[in-house]
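Hello,

Here is the structure I promised to pass on. Please have a look at it before you read my notes below.

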Amino acid sequence: MLSKYEAFPYAVLEAMSLGCPVISYPVGGVPEILEDDVNGILLPDRDFDKLCQAVVRLRDSHEDVERLGAAARKTIEERFTVEHMTDQFLEFVEEIARKKGLIT
C-alpha cells in the first residue's frame, strides 16, 4: 500500500486474508492493522530506499514471506471477522447508549 492517503484500506485486509505479506507506508488505518516485522512491513513515511529494501527482502527470503504471511492471516482471523467487527460495533453502541442514559 503505497498511497499517500487512505482511510481504512480494504486492499490490505484482503491481501492479509490470503496470507500475503503487505508492505505499506503508515497511511490512514494501516498502522492499526500492520505491525512492522510481525504481520507485514510498515515503512517509514515515503522512504523509497526502505521500500526497495523491503521488496528485495521478501524476494530473497521465503522464510520471511511465510512467517509474515501466516501472521497476517492470523491477524485477520482474530481481529477482522464479521463476528468480531460486529461485536466491537455493538459494544460501542452500548457504551454510547449507557453514557446517554438510554440503557443501564
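Let me begin with a question: is Lys74 buried, partly exposed or exposed? Lys74 is partly exposed, as its relative accessible area is 47%. Here buried means under 20% relative accessible area, exposed means over 50%, and partly exposed lies in between (1.4 Å probe, protein chains only).

Before the rest, a word on what you are looking at. This is a predicted model, in which local features need pLDDT of at least 70 and side-chain atom pairs count only at pLDDT 80 or more, while totals for chains, interfaces and linings use all residues. Residues are numbered from 1 along each chain as its sequence is written, and side-chain values use heavy atoms, with hydrogens and water left out.

Salt bridges

Lys74 pairs with Glu78 in a salt bridge, at 3.8 Å from N to O. The term stands for a side-chain nitrogen of Lys or Arg within 4 Å of a carboxyl oxygen of Asp or Glu. Both residues belong to helix α4, where they sit four residues apart, about one turn of the helix. (Helices are DSSP runs of H or I with at least four residues, strands are runs of E with at least two, and both are numbered from the N terminus.) Glu78 is partly exposed too, with a relative accessible area of 47%.

Helix α5 offers another pair: Arg98 forms a salt bridge with Glu94, and their closest N and O atoms are 4.0 Å apart. Arg98 and Glu94 are separated by about one helical turn, because they are four residues apart in α5. Arg98 is partly exposed at 46% relative accessibility, and Glu94 is partly exposed at 39%. Elsewhere, salt bridges with shared partners link Asp37, Arg57, Asp64 and Arg67 into one network.

You will also find Asp60 bridged to Arg59, with 2.7 Å between the closest N and O atoms; both of these residues are exposed. Over the whole structure, the search finds nine salt bridges.

Asp37 and its backbone

Asp37 deserves a second look. This residue is in the loop between α2 and β2 and is partly exposed, with a relative accessible area of 34%. Its phi is positive, about 60°, although Asp37 is not a glycine. Most residues other than glycine have a negative phi.

The nonpolar core and a surface patch

Which residues have the most contacts inside the largest nonpolar core? They are Met16, Ile23, Ile41 and Leu43, in a core of 20 residues. At least two core residues come from each of α1 (10–17), α2 (30–33), β2 (41–42), α3 (48–60) and α4 (62–79). A nonpolar core is a set of buried Ala, Val, Leu, Ile, Met, Phe, Trp, Tyr and Cys residues joined through side-chain atoms within 4.5 Å.

Leaving aside residues up to four places away in sequence, Ile23 touches Met1, Leu2, Ile41, Leu43, Leu51, Ala54, Val55 and Leu58. Contact here means heavy atoms within 4.5 Å.

On the surface, Phe89, Leu90, Phe92, Val93 and Ile96 make a nonpolar patch of about 460 Å². Phe92 lies in helix α5, residues 82–99. Patches are made of residues with over 30% relative accessible area and no salt bridge, with like charges joined within 9 Å and nonpolar side chains (Val, Leu, Ile, Met, Phe, Trp, Tyr) within 5 Å. The areas come from the Shrake-Rupley method with a 1.4 Å probe, and for residues only the protein chains shown count as cover.

Cysteines

How many disulfides does the structure hold? There are zero, counting a disulfide as a pair of cysteine sulfur atoms within 2.5 Å. For Cys20, the nearest cysteine sulfur is that of Cys52, 18 Å away. Cys20 is partly exposed at 38% relative accessible area, and Cys52 is partly exposed at 35%.

Two loop residues

Asp45 is in the loop between β2 and α3 and is exposed, with a relative accessible area of 53%. Asp45 and Tyr25 are 20 residues apart along the chain, and their C-alpha atoms are separated by 5.5 Å. Not counting residues up to four places away in sequence, Asp45 touches Tyr25 and Pro26.

Gly19 is in the loop between α1 and β1 (23–24) and is partly exposed at 26% relative accessibility. With the same sequence neighbours left out, Gly19 touches Gly69 and Arg73.

Best wishes
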